[in-house]
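Student: I have a new structure open and would like to walk through it slowly. Could you help me get my bearings?

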Amino acid sequence: MWRFLWRSCAQIAFVALGITLINFFLLRLAPGDAAQALAGQSGAATPEYMAALRRQLGLDQALYVQFFLYAKKLLTFDLGFSFHFGLPVAELIWQRLPATLLLMGSAIAFALFLGCLLGFFAALCSGKIVDVLFSVFTLLIYATPAFWVGMMLILVFSVRLDLLPIGGMITVEKNLIGFAYIKDVLAHLVLPAVTLGLYYFAVYTRLTRAEMLALSGREFVRTARAKGVRAWRIAWRHIFRNALLPVVTTLGVQLGSILGGAVLVETVFSWPGMGRMAMSSLLQRDTNLLLGILFCSSLMVVFINIVVDLVYMRLDPRIRPE
Amino acid sequence: MSDKKAFFRLGFKQIRVFAGVAAAVIFGVGTAFAGTPRPGGTLSAILNPEPVTLTPVVNMAQPTQVVAGNVFDGLVYYDRDLTPKPALAESWEVSPDGLRIVFRLRKGVKWHDGKPFTAADVKWSLENLWKTIHPRNKPLFESVESVETPDEHTVILSLSKPSLPILSVINGVGSVILPKHLYDGTDLLNNPYNNQPVGTGPFVFKEWKRGEYVLLEKNPDYWDKGKPYLDRIVFRVIPDASARAAALEKGEVQYAPYNPVPFRDVDRLTRLPHLKVETRGYEWLSPLLYMDFNLANPYLKDVRVRRAIAHAVDLAALAKIVWFGYALPAISPVPSTLPTFFNPDVPRYAYDLKKAEALLDEAGFKRGADGTRFTITHDFLPYGDDYLHTGEFLKQALKRVGIEVTIRTQDSAAFIKRVYADADFDTNNTYNNAFPDPQIGVVRAYWSGWFKTGTAWTNASGYKNAEVDSLIESTGVEGNPEKRIANLKRFQEIILRDLPSLPLLELHFFTIHSANLQDVVVQGDQVYSSLKHLWFSEDPAQK
């Protein structure tokens, strides 16, 4: 177990270094630099000002010098300064991280819970009309782009039915505190979490169903059935639990893409998460901030994959760290 | 058609008034009548995109100014016809030779932190910001030799050469006055107060939750007694255009300046009884859409080709189809909204395909076997679909006379580098705000000194004309207003003759607001100024 964690830590360090290296040089390939992006926003700038800005941002130094300076700071966990926001990168990420985690967590919870549940029932009714309906439904969701779903949900639930807010995370105008505040955040969370989770919900439904059907013909199921175990118990304990393994694997693999998908969802729902900040920092050539976000996101993905590995061991006693 | 729309809007308004009166009679509730401002209420406004900073020190971006206009008062504000009116300066005089400008400041004005506002703040801001690093004002204030403050409420500017455009840029965001006691001796660009501004304006900065909102509250000690009417303003950051439209439709936001939704949504939204569209309040900006020609291009360096292109583009159709009528065909690089300087007697290029073809033939670029004369590229300003669609319109227009256009897409940093630093383009479309004096926002696109400096929205074409350069330079330091007007009119004639850039449209930006929001436009610089005149004739529908 400890050796596993040690190895994971080594992995994290390696991945982090690689990501920093690649990102740093990849981002410099984009034409235009931070000074030009800032000038673009100003609507005007004098050459003297641009030069001063480049000096201030360290953009006048050789690229490799810039990289070593950055890497040196990174070793002390100093993510640098975002010129675009005028704040330390770490502070900015810290501000946005809770919103991102809340959105991702709810979306994943929604997708996992309902997906597995629906897949479970679809497998039980396989071949019947209910199963066909489920399949068509999930296929439809699978094929619909998230931003469109988001817009439609807003139009139906916010504008027409007036049940939920259009976007943002809280109703600033109301000055809420305590329980009312939590309720307000949850109301704001519903639509973006559903939008972000919907695609993965469809994936997990189909995956669970297919996996359960494949497992139901296996020897251990036949044995259980021969032993006289009740059908429900077989389905739940023997088949479903095993069917969860590929779902968990897929989840680990898809985490990165959920983070990516969050950019769109956060934009449509004005959700103050990291995805949106990543997008704007790219447009602003705010390399420090973007590097910081990518660095933290990659750490997050690696970290959650370690958790997935641990869950794996819990689900399947045969898997042990060597 | 617009009359018809106005009629319907009036109709709805009347129905609402009737309904209100009926309700008042039936329930015995007092209803506010138009004309008597009613204090109170929280205004939710749209801010898009999210600003980078809340103080227009060097960042002149639109969202920064929309917020800052509420926190900072200027020496003056601009009336609907762009004449300066007293704000922090109660009066001012310009000496006949233009070399001395005296401002007499309002007494008893306090910064939001309670410290008194004095002449020292103005002097400090001018010396440390306006004439040194301010991107737009530097050339205007450079000739200010000294600033004297004989007492706490008098500022005297002594100039080496006249600079009359100064009087057109001294509102709250045009020349922001910073509190000396918070900025003196600090790094101006990285001062933390840039993001938590302390001004003298009608609204006090409360909180900026990044990615979510900027919150302003009423300034209880505001010098303009009785104002502002609103208790709070919440500027909400809503990055998605459809979500902005939905928020307006639902009434979650009641004020949205600067083209908050795509044109195709405007018509639908304004047909709703609770929303109105407003194109006034942008006069101080006077935006003009234009196309630069890269004069180093082997085809475009021939003036006949540029004139042919001018003849080939139907500007009225561009205004109607791409800009949904929220624009007028431009005649000159100086928009007609600057009547003093606008010259209608410039060479014009009527929409005439035959003439365009004849000019191209004459220039020696005959149609090839496939009907194409030559191919050029087009880079559009990456500020949204309207500029892309403008590019597509130009592509189709030019195809008709045998010019093939390839449209290129990039983000704004790449656009600025390509056009203004590398001049690695053939044609583009972009816009500039002219401001009340062409010296501020127009001539920069034609003065040869700016070419390839990488400075955005300056000379992109590589145009170099000694007469134009000297006209621009002499007008900048001319103290006689008549002479300045004559110079600038001559400048417009030459530009339209040489056509280094083709003026396309005078853009009409629009604001969408709730119908129960009153006095939305009072000033000519309204969108960049404070919302202190706004009031709700009934409570906003907060759902």
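Tutor: What follows is a walk through chain A and then through some side-chain contacts, and please keep in mind that this is a predicted model.

Student: OK, chain A to start with. How many helices and strands are there in chain A?

Tutor: Chain A holds 12 helices and two strands, and read from the N terminus on, its elements follow the order α-α-α-α-β-β-α-α-α-α-α-α-α-α.

Student: And what does the C-alpha trace of chain A span along its principal axes?

Tutor: The C-alpha trace of chain A spans about 85 × 55 × 40 Å along those axes, and of the 322 residues in this chain, 46% count as buried.

Student: Helix 8 of chain A caught my eye. Where does it bend?

Tutor: Helix 8 of chain A bends at Leu198(A), by about 45 degrees. This helix covers residues 178-215, and although it has 38 residues, its end C-alpha atoms are only 48 Å apart, which falls short of the 56 Å that a straight helix would reach at 1.5 Å a residue.

Student: What about the loop before it, say Ile170(A): buried or exposed?

Tutor: Ile170(A), which sits in the loop between helix 7 and helix 8 of chain A, is buried, because its relative accessible area is 16% and the cut-off for buried is under 20%. Measuring from C-alpha to C-alpha in the model, Ile170(A) and Ala35(A) are 34 Å apart in space and 135 residues apart in sequence.

Student: Switching to the surface now. Which residues make the nonpolar patch?

Tutor: A nonpolar surface patch of about 810 Å² is made by Phe147(A), Trp148(A), Met152(A), Leu155(A), Val156(A), Phe157(A), Leu161(A), Leu163(A) and Leu264(A).

Student: Which helix gives the most to it?

Tutor: Helix 7 of chain A, residues 146-160, gives the most, with six residues. Phe147(A) is found in this helix, and Phe147(A) counts as partly exposed because its relative accessible area is 42%, which lies between the 20% and 50% cut-offs.

Student: Does anything charged happen there too? I mean, which residue does Arg160(A) meet in a salt bridge?

Tutor: The side chain of Arg160(A) meets that of Glu249(B) in a salt bridge, at 3.7 Å from N to O. This pair crosses between chains, running from Glu249(B) in helix 6 of chain B, residues 241-250, to Arg160(A) in helix 7 of chain A. Glu249(B) is buried, with a relative accessible area of 11%, whereas Arg160(A) is exposed, with a value of 62%.

Student: How many salt bridges are there over all chains?

Tutor: A search of the whole structure finds 35 salt bridges over all chains. One of them lies within chain B, where the side chains of Arg104(B) and Glu93(B) meet at 3.3 Å, N to O. Arg104(B) belongs to strand 5 (residues 100-105) and Glu93(B) to strand 4 (residues 89-94) of chain B, so the pair ties together parts that are 11 residues apart in sequence. Arg104(B) counts as partly exposed at 35% relative accessibility, and Glu93(B) counts as partly exposed at 38%.

Student: And where do Arg268(B) and Asp265(B) lie?

Tutor: Both lie in helix 7 of chain B, three residues apart, about one turn of the helix, and their side chains meet in a salt bridge of 3.9 Å, N to O. An α-helix has 3.6 residues a turn, so residues three or four places apart point the same way. Here Arg268(B) counts as partly exposed at 35% relative accessibility, while Asp265(B) counts as buried at 13%. Elsewhere, salt bridges that share partners join Asp162(A), Glu173(A), Arg236(B), Lys250(B) and Glu252(B) into one network.

Student: Last topic, rings. How many aromatic pairs does the structure hold?

Tutor: Over all chains the structure holds 41 aromatic pairs. Among them, Trp130(B) and Phe141(B) form a tilted pair, 5.2 Å centre to centre with 50 degrees between the planes. Trp130(B) is in helix 3 and Phe141(B) in helix 4 of chain B, 11 residues apart. Trp130(B) is buried, with a relative accessible area of 1%, and Phe141(B) is buried with a relative accessible area of 1%.

Student: Why is the pair of Phe263(B) and Tyr326(B) called stacked?

Tutor: Their ring centres are 5.5 Å apart and their planes are at 15 degrees, so the pair is stacked, given that planes under 30 degrees apart count that way. Both Phe263(B) and Tyr326(B) are buried.

How values were computed
Residues are numbered from 1 along each chain as its sequence is written. Chains are lettered from A and ligands numbered from 1 in the order in which they are written. This is a predicted model: local features need pLDDT of at least 70, side-chain atom pairs count only at pLDDT 80 or more; totals for chains, interfaces and linings use all residues. Side-chain values use heavy atoms; hydrogens and water are left out. Patches are made of residues with over 30% relative accessible area and no salt bridge: like charges are joined within 9 Å, nonpolar side chains (Val, Leu, Ile, Met, Phe, Trp, Tyr) within 5 Å. Accessible areas come from the Shrake-Rupley method with a 1.4 Å probe; for residues, only the protein chains shown count as cover. A salt bridge is a side-chain nitrogen of Lys or Arg within 4 Å of a carboxyl oxygen of Asp or Glu. Helices (H or I, at least four residues) and strands (E, at least two) are DSSP runs, numbered from the N terminus. Buried means under 20% relative accessible area, exposed over 50%, partly exposed in between (1.4 Å probe, protein chains only). The expected span of a helix is 1.5 Å times one less than its number of residues. The bend at a residue is the angle between axes fitted to the seven residues ending there and the seven starting there. Rings of Phe, Tyr and Trp (its six-membered ring) pair if their centres lie within 6.5 Å; planes under 30 degrees apart count as stacked, over 60 as edge-to-face and the rest as tilted.
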